[in-house]
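Take a look at the chain below and turn it around a few times. We'll walk through a few spots in it together.

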Amino acid sequence: MEIVSSLLSSAIEKIFQLSGLNRNGMNTKPMEEKALDVYDVIRSIRDPEKPNTLEELEVVTEKCVEIQELSEDEFLIIIKFSPTVPHCSLATLIGLCIQVKLQRCLPFKHKLEIYISEGTHSTEEDINKQINDKERIAAAMENPNLREIVEQCVAEPDD
């Protein structure tokens with residue numbers, strides 16, 4: 001009887017693991033899977049100047065997304081993207097697009113930090129401050145011309 005109980009317990013535990021839930025019904029999806037989910041959201045963002053996506057241009061990769069658990073139901077998402085050239089004039093706009101798309105699309109509570117990968121842009125420190133300043137983001141999205149460009153970049157290909 002003890003063997004049957006042990007086997008049953010192992011089988012139930014395996015079912016919970018595969019479903020992404022624990023015994024309390026709470027999601028326990030590994031951080032790597034959450035990171036891939038985040039990457040799936042940002043990889044289709046279009047470059048503001050080119051017809052390519054950020055994934056196609058290797059501005060974002062799976063490795064550029066890091067997730068840390070802040071609490072049981074809140075996560076810190078850190079994105080480090082690499083502009084195509086060290087003097088990219090649209091790096092701030094790309095960061096804004098990433099910010100907007102993640103805020104709209106992620107189904108879980110999160111805090112977001114977006115950075116230019118170290119050494120990939122000539123003014124990365126200044127751009128990092130702009131990208132992570134909530135007031136600047138809000139002001140940028142109030143500009144109709146800028147908002148239109150962001151909307152075009154973040155629109156899904158089927159839209």
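Start with F108, which sits in the loop between α3 (91–105) and β3 (109–116). Keep in mind that this is a predicted model. Is F108 buried or exposed? Its relative accessible area is 14%, and buried means under 20%, so F108 counts as buried. Which residues does F108 touch, once you skip its neighbours within four places in sequence? They are K34, V38, F75 and I77. Take K34 from that list: K34 and F108 are 74 residues apart in sequence, yet their C-alpha atoms are 9.8 Å apart in space.

Now for the sheet. Three strands make up an open sheet, lined up as β1-β2-β3, and the pairing is mixed. On the edges you'll find β1 (65–71) and β3, each of which pairs on one side only. Ignoring direction, neighbouring strands of this sheet are turned by 20 degrees against each other on average. Follow β2 (residues 74–81) and you'll see that β2 pairs with β3 in the parallel sense, over eight bridges. One spot to look up is K80, whose bridge partner in β3 is Y115.

Two helices pack on this sheet, and here is how they lie:

| Helix | Strands touched | Direction angle |
|---|---|---|
| α2 (residues 31–42) | β1 and β2 | about 125 degrees with β1 |
| α4 (residues 124–131) | β2 and β3 | about 160 degrees with β3 |

Next, move along to α6, which covers residues 144–154. Which residues of α6 are buried? They are V150, C153 and V154. Seen down the axis of α6, these buried residues fall within an arc of 85 degrees, so they line one face of the helix. There's a handy rule behind pictures like this: an α-helix has 3.6 residues a turn, so residues three or four places apart point the same way.

What do the buried residues of α6 pack against? Their partners are α3 and α5 (134–142). Turn to the face of α6 that points away from the buried side, and you'll meet the exposed residues P144, N145 and Q152. N145 also shows up in one more detail: at the start of α6, a side-chain oxygen of N143 comes to within 2.9 Å of the backbone nitrogen of N145.

If you go back to the model now, try finding F108 in its loop between α3 and β3 again, then pick out its contacts K34, V38, F75 and I77 one by one.

Note on methods: Residues numbered from 1 in each chain as written. Predicted model: local features only at pLDDT ≥ 70, side-chain atom pairs only at ≥ 80, totals over all residues. Heavy atoms only, no water. Helix = DSSP H or I, 4+ residues; strand = E, 2+ residues; numbered from the N terminus. Buried < 20%, exposed > 50% of the residue type's maximum accessible area, 1.4 Å probe, protein only. Contact = heavy atoms within 4.5 Å. Arc of directions from axis to C-beta. Polar contact = N/O pair within 3.5 Å; in protein donor to acceptor, adjacent residues only side chain to side chain. Pairing = 2+ DSSP bridges. Axes fitted to C-alpha atoms, helices over the stretch in contact; angles between N-to-C directions.
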